[in-house]
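Here are some comments on the model you asked about, set out as numbered points. Please read them with the structure open.

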Amino acid sequence: IKSHNIYHIKQEASLLISIQNIINMDIVMKLFSISLAIIIPGMIIVEPAKKSNIIHEPINHKIMIQDTVKKPTVILEKVILKPMQILYISDTGNMASLSKVFEKDYGELFNFIGSNGLTPGKVMGFYFSYNVPIVLEDAVEVNKIPAELPGRIRSKIVEGGDAVVAHYTGAYEEMQIPYSQLAQWVTDNNRQANGLPFEVYLNGPGEVKDKNELKTDIYQMLK
């Protein structure tokens with residue numbers, strides 16, 4: 001999962017990812033893969049992007065070719081995204097501590113969701129920096145936001161609007177592939193990114209036998 005000081009992020013941050021960020025992102029995703037294998041099984045029901053949340057407008061898609069038995073695939077799609085209610089925890093970490101950060105944050109979120117009778121939706125990640133300290137928000141979509149939130153848990157609304165989504169199937173270590181295609185799509189279609197991309201995890205390492213079967217949607221809101 002590649003891919004955060006959430007308190008000082010500029011709304012107009014560039015979508016283009018530096019080479020150093022891509023290297024750091026690969027390491028982040030390896031650590032995140034370990035943590036999701038611990039957290040997801042038995043705790044949540046991950047809902048793929050609901051058709052009720054998105055009005056689809058298919059566009060040409062690309063299938064990436066790599067020298068592997070199971071090749072990563074990316075399908076790009078322009079969508080209209082409806083607003084989402086989000087619970088999240090802001091955090092930072094380094095490469096050595098990040099897997100524990102994921103485990104702690106998502107565990108805390110799902111404990112709160114379960115104890116308050118909320119319905120979880122998309123399991124999400126917002127990344128603001130891949131340089132140390134890595135700045136991120138671990139997040140879960142919910143059906144409603146309680147009036148009171150404990151401890152580190154905060155809420156926000158992800159506003160709807162035009163977006164392009166990369167439906168990615170493949171290992172977390174190869175996440176630079178969909179990110180690069182998103183950036184290229186924005187350029188080729190003369191659009192502007194509205195903020196940073198965010199990730200939606202449709203399954204986790206504990207649910208698949210092969211890491212190349214992992215499914216992630218990466219959304220980029222558009223101006």
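**Notes on the predicted model**

1. Aromatic pairs. The structure holds four aromatic pairs. In one of them, the ring centres of tyrosine 172 and tyrosine 201 are 6.5 Å apart and the planes meet at 80°, so this pair is edge-to-face. Tyrosine 172 belongs to the loop between S7 and H3, while tyrosine 201 belongs to strand S8, so the pair ties together parts that are 29 residues apart in sequence. Both tyrosine 172 and tyrosine 201 are buried. Note that this is a predicted model, and the distances and angles here are computed from it.

2. Aromatic cluster and lysine 156. One aromatic cluster is formed by Phe126, Phe198 and Tyr219. The charged end of lysine 156 sits over the ring of phenylalanine 126, at 3.8 Å from the ring centre. The charged end of lysine 156 also sits over the ring of tyrosine 88, at 5.2 Å from that centre. Two members of the cluster meet again in the strand pairing, where phenylalanine 198 stands opposite tyrosine 219 in S9.

3. Overall layout. The protein has three helices and nine strands. Along the sequence they follow the pattern α-β-β-β-α-β-β-β-β-α-β-β. Of the 223 residues, 49% are buried. The accessible surface is about 10,700 Å², and carbon and sulfur atoms account for 54% of that surface.

4. Strand S9. What does S9 pair with? Strand S7 (residues 161-169) is joined to S9 by seven bridges, and the two run antiparallel. Strand S8 (residues 198-201) is joined to S9 by four bridges, again antiparallel. On the S7 side, histidine 167 has aspartate 217 of S9 as its bridge partner. Six of the seven residues of S9 (residues 215-221) are buried, so this strand is largely enclosed by the rest of the structure.

5. Nonpolar cores. The largest nonpolar core has 37 residues, and those with the most contacts inside it are Leu87, Tyr106, Leu109 and Ile113. At least two residues of this core come from each of strand S2 (73-81), strand S3 (84-93), helix H2 (98-115), strand S4 (120-129), strand S5 (134-142), S7 and helix H3 (176-188). H2 gives the largest share, eight residues. A second, separate core has 16 residues, including Leu81, Phe126, Ala139 and Val158. Phe126 is thus listed in this second core as well as in the aromatic cluster.

6. Helix H2. The 18 residues of H2 should span 26 Å at 1.5 Å a residue, and the end C-alpha atoms are 26 Å apart, which agrees. Its buried residues are Leu98, Ser99, Val101, Phe102, Asp105, Tyr106, Gly107, Leu109, Phe110, Phe112 and Ile113. An α-helix has 3.6 residues a turn, so residues three or four places apart point the same way. Just after H2, glycine 117 has a positive phi of about 65°.

7. Helix H3. H3 has 13 residues and reaches 18 Å from its first C-alpha to its last, close to the 18 Å expected at 1.5 Å a residue. Gln176, Ile177, Pro178, Tyr179, Gln181, Leu182, Ala183, Trp185 and Val186 are its buried residues.

8. The loop after H3. Asparagine 190 lies in the loop between H3 and S8. Its phi is near 55°, a positive value in a residue other than glycine. Is asparagine 190 buried or exposed? At 72% relative accessibility, asparagine 190 counts as exposed. Glutamine 192 is in the loop between H3 and S8, and with a relative accessible area of 51% glutamine 192 is exposed. Glutamine 192 and leucine 222 are 30 residues apart in sequence, yet their C-alpha atoms are 5.8 Å apart in space.

9. A cis peptide bond. The peptide bond from valine 132 to proline 133 is cis, with omega near 0°. Proline 133 is found in the loop between S4 and S5.

Methods. Residues are numbered from 1 along each chain as its sequence is written. This is a predicted model: local features need pLDDT of at least 70, side-chain atom pairs count only at pLDDT 80 or more; totals for chains, interfaces and linings use all residues. Side-chain values use heavy atoms; hydrogens and water are left out. Buried means under 20% relative accessible area, exposed over 50%, partly exposed in between (1.4 Å probe, protein chains only). Two strands pair if DSSP finds at least two bridges between them. A nonpolar core is a set of buried Ala, Val, Leu, Ile, Met, Phe, Trp, Tyr and Cys residues joined through side-chain atoms within 4.5 Å. Rings of Phe, Tyr and Trp (its six-membered ring) pair if their centres lie within 6.5 Å; planes under 30 degrees apart count as stacked, over 60 as edge-to-face and the rest as tilted. A charge sits over a ring if NZ of Lys or CZ of Arg is within 6 Å of the ring centre and within 35 degrees of the ring normal. The expected span of a helix is 1.5 Å times one less than its number of residues. Accessible areas come from the Shrake-Rupley method with a 1.4 Å probe; for residues, only the protein chains shown count as cover.
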